[in-house]
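Biologist: I am new to this structure and would be grateful for a close look at a single part of it. Please take me through that part step by step.

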Amino acid sequence: MKALNFLIYPNFSISDLGGNRITDLTVLSEFMVSQLRNNGWHHVIGLYSNDLQDISPSKSSNRLGHVDLQDNRIRKISALKAKQSIWHLNLERNEIGVVGDTFDAYENGANIYLNGNVLLCSEGGNLAKSPANINWDGTWRRPRWRCGSRRK
């Protein structure tokens, strides 16, 4: 599945689109933004095991709650910055090397899963700054010198 077409469904908040070879989130993001704010619901969306690389269209989606993006080819996650509505975010087994300040404003208690990504050594401090529960297996991408040691 390469493209999606949606209509406005007033009570739509849960979708499992995993394993469909989706490459573009533009239409889905526009659809989620256009949904009415019923009962304070947040979107529960499964986009695991697709061919996603660019998640920048999701920047405009402000009512994300439970988001599964594992097993894609995502590198840049800045579109998810300050998404305080997210309580579960699975980004495992992507190609993420830098988190920057993406998770700094996440709520205390939000669960973020980053296992299977190889982060740059410089990202340790960024993970520590977030109030969210970040689950990560600790695999670093080292330059020619080791993490924590001085360059010679």
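**Strand β3 and its surroundings**

Modeller: Three bridges join strand β3 to strand β4, and these two strands run parallel. Within this pairing, valine 67 has leucine 89 of β4 as its bridge partner. Strand β3 also pairs with strand β2 (residues 43-46), again in the parallel sense, over four bridges. Here valine 44 is matched with histidine 66 in β3. Strand β3 itself spans residues 64-68, and four of its five residues are buried, so the strand is largely enclosed by the rest of the structure.

The model is a predicted one, and its confidence deserves attention. The mean pLDDT of the protein chain is 85, with 82% of its residues at 70 or more. Confidence is highest in β4 (residues 88-90), the strand at a mean of 98, and lowest in strand β8 (residues 140-141), at 78. Where pLDDT is low, predicted coordinates should not be read in detail.

Beyond the strands, the structure contains two aromatic pairs. One of them is formed by phenylalanine 103 and tyrosine 106, which meet edge-to-face at 5.2 Å centre to centre, with 90 degrees between the planes. Both phenylalanine 103 and tyrosine 106 are buried. Tryptophan 136 and tryptophan 140 have ring centres 4.6 Å apart and planes at 75 degrees, so this pair is edge-to-face. Tryptophan 136 is buried, with a relative accessible area of 19%, whereas tryptophan 140, at 25%, is partly exposed.

Technical notes
Residues numbered from 1 in each chain as written. Predicted model: local features only at pLDDT ≥ 70, side-chain atom pairs only at ≥ 80, totals over all residues. Heavy atoms only, no water. Phe/Tyr/Trp six-rings, centres within 6.5 Å; stacked < 30°, edge-to-face > 60°. Buried < 20%, exposed > 50% of the residue type's maximum accessible area, 1.4 Å probe, protein only. pLDDT = per-residue confidence, 0-100. Pairing = 2+ DSSP bridges.
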